Amino acid sequence: MNDIRPIRATSGTNHEGTSAHNRRVIIDALRLNGALSRADLARATRLTKQTVSNIMEELENDGLVISRETVRRGRGQPSTPYGLVPEGAFAIGLQIDRHITRAIAVDLVGNVLIRKEANLPAGGPATGTPVVLQLVESVRSELKQRTAQAEKRLVGLGVAMPGPFGIEQDTDDNPWMMGPWQRFPLLETLAAGTGLNVTLQNDAAACATAERMVGAAHGLDHAVCLYVGYGIGAGLILGGELYSGARGNAGEIGMALLTAGGRLTQLEHRASLASLYEHLGVDPMAPDIYSLIDKRSAADDPEIVAWIEKAAIDLRWAVHLIETVFDPQTVILCGGAPAALATRLIDAMQPLLPSNADRTDRPLPRLQLGMTDPWAVARGAAVEPIGHAFDPRFSAILKS
């Protein structure tokens, strides 16, 4: 009897894989730099002029790029710059949180076209799934009404929700977790209900995806987004790509244990928006909660100031840990915190703890403010299918 043992190896590629990668490289260069001529693209990507010309012709025929007005530079030959066509592709992003669900439609360059939200009823997926599907369909229907080619150019549905995923302990009674949703066959249900390709990431990773395409991490190869929302997480951009880990749980820094009063407490129990709501005694489901916190923060409310002082100590430690482990170009504070609160929080975190990132020749600050918007996660979920279809990811080269 033959015993066939598994062989470990990295997948190879072929000519089709290489061609697809080069096509993605060109799209990425145009996204990062704006309109470029074929000669500029050849120099920047180190592809031959003929290869670039062939790819540009394909992309133009596919409606993804368009030529702009000819530019004259000194005495040299005039050049024709090419730019991305925003209407070349569309995607829908869906955020599922403890009490609310949000859906966003974006175009090829990440512009937000439509956004809608709905309250999630109690009862988990059994009562929440119909609400989610109806919300996605509402956004999709409006997108079709706005753009005739939208349905044909819809590349997928990106979903974001709090992690961690795939854990085995019972979390049904834990307000910090979404156990019933995490055990529910969400991707299969959404794919069957929409007919779209569906991807899933945690909320911190989604926020990092948004920052990478249209935010503070745009053009960076190594950045970590410290997400402060109902919970806390870290979106890891390593080597120009989002790192998710073996089970999609990379960056769950909010679950890191700290010692407080002789007992271990998770970071997100001390420095997240949920901890602030508890500190203030306010209902996180209140429809005006975002504006309420923003106004009280701007007015230097003593209760919020007291929470900021304590939370800043723990988040300062989180930045130190991130810098020590990942050596990023910068750490970006982002998430669903209102702008006034996030600004005061980032100021209170200064000075940062000493780390290997504390250098005088830094082109970027160690810590900077990113998106402070309750829609940031849904936007990141929406741009993920765009990235999956068009970014030059290593996984896209490999044979499936």
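## Domains of the chain

In this predicted model, the domain assignment divides the chain into domain 1 (15-84), domain 2 (89-208 + 379-396) and domain 3 (218-370). Domain 2 is thus written as two stretches of the chain, 89-208 and 379-396.

The centres of domain 2 and domain 3, taken over C-alpha atoms, are separated by 23 Å. In the contact between them, 17 residues belong to domain 2 and 25 residues belong to domain 3.

## An open sheet of five strands

Five strands make up an open sheet, and their order is 11-10-9-14-15. The pairing in this sheet is mixed. Strand 11 (241-243) and strand 15 (367-372) stand at the edges; each has a single partner strand, so one side of each is left without a neighbour in the sheet. From one strand to the next, the twist averages 30 degrees.

One pairing within the sheet can be followed in detail. Strand 9 (residues 223-228) pairs with strand 10 in the antiparallel sense, over six bridges. Ala223 has Ile237, in strand 10, as its bridge partner. Helix 12 packs on the sheet, where it touches strand 14 and strand 15. The direction of helix 12 makes about 170 degrees with that of strand 15.

## The largest pocket

The largest pocket has a volume of about 920 Å³. Its lining consists of 39 residues, and those nearest the centre of the pocket are Arg212, Gly240, Glu241, Asp391 and Arg393. Two or more lining residues come from each of helix 1 (15-33), helix 2 (38-45), strand 8 (198-202), helix 7, strand 11 and helix 13 (376-390).

Which element gives the most to the lining of the largest pocket? Helix 1 does, with seven residues. By class, the lining of the largest pocket divides into 15 nonpolar, 16 polar and eight charged residues.

## The second largest pocket

The volume of the second largest pocket is about 580 Å³. It is lined by 29 residues, of which Ile100, Arg102, Pro284, Ile289 and Pro374 are the closest to its centre. At least two residues of this lining are supplied by each of strand 5 (100-107), strand 6 (112-119), helix 9 (273-280), helix 10 (289-298) and helix 13. Helix 10 gives the most to the lining of the second largest pocket, namely four residues.

In this lining there are 17 nonpolar, seven polar and five charged residues. Why does the second largest pocket lie between domain 2 and domain 3? Both domain 2 (89-208 + 379-396) and domain 3 (218-370) give residues to its lining, so the pocket lies between them.

## The largest cavity

The structure also holds two cavities of 30 Å³ or more. About 120 Å³ of space lies in the largest cavity. Its lining has 18 residues, and the closest to the centre of the cavity are Gly163, Asp203, Ile232, Glu252 and Glu268. Domain 2 (89-208 + 379-396) and domain 3 (218-370) each contribute at least three residues to the lining of the largest cavity.

Helix 7 (203-214) and strand 10 (232-238) are elements that each supply at least two residues of this lining. The largest share, three residues, comes from strand 10. Strand 10 is also the strand that pairs with strand 9 in the sheet. By class, the lining of the largest cavity has nine nonpolar, five polar and four charged residues.

## The second largest cavity

The second largest cavity has a volume of about 40 Å³. The residues that line it are Val228, Leu333, Cys334, Gly335, Ala337, Ala342, Leu345 and Thr372. The elements that give two or more residues to this lining are strand 14 (330-335) and helix 12 (339-348). Helix 12 and strand 14 also touch each other where the helix packs on the sheet.

Which element supplies the largest share of the lining of the second largest cavity? That share, three residues, comes from strand 14. How many charged residues does the lining of the second largest cavity have? There are no charged residues in this lining, which has six nonpolar and two polar residues.

Note on methods
Residues are numbered from 1 along each chain as its sequence is written. This is a predicted model: local features need pLDDT of at least 70, side-chain atom pairs count only at pLDDT 80 or more; totals for chains, interfaces and linings use all residues. Side-chain values use heavy atoms; hydrogens and water are left out. On a 1 Å grid over the protein atoms alone, a cavity is a set of points where a 1.4 Å probe fits but cannot get out, and a pocket is an open set with protein on both sides within 12 Å along at least five of seven lines; lining residues have an atom within 4 Å of a point. Grid points are joined across faces, edges and corners, and a volume is the space filled by probe spheres set on the points. Ala, Val, Leu, Ile, Met, Phe, Trp, Tyr, Cys and Pro count as nonpolar, Asp, Glu, Lys and Arg as charged, and the others, Gly among them, as polar. Domain bounds come from an automatic or database domain assignment. Two strands pair if DSSP finds at least two bridges between them. Axes are lines fitted to C-alpha atoms, for helices over the stretch in contact, and angles run from 0 to 180 degrees between N-to-C directions. Contact means heavy atoms within 4.5 Å.
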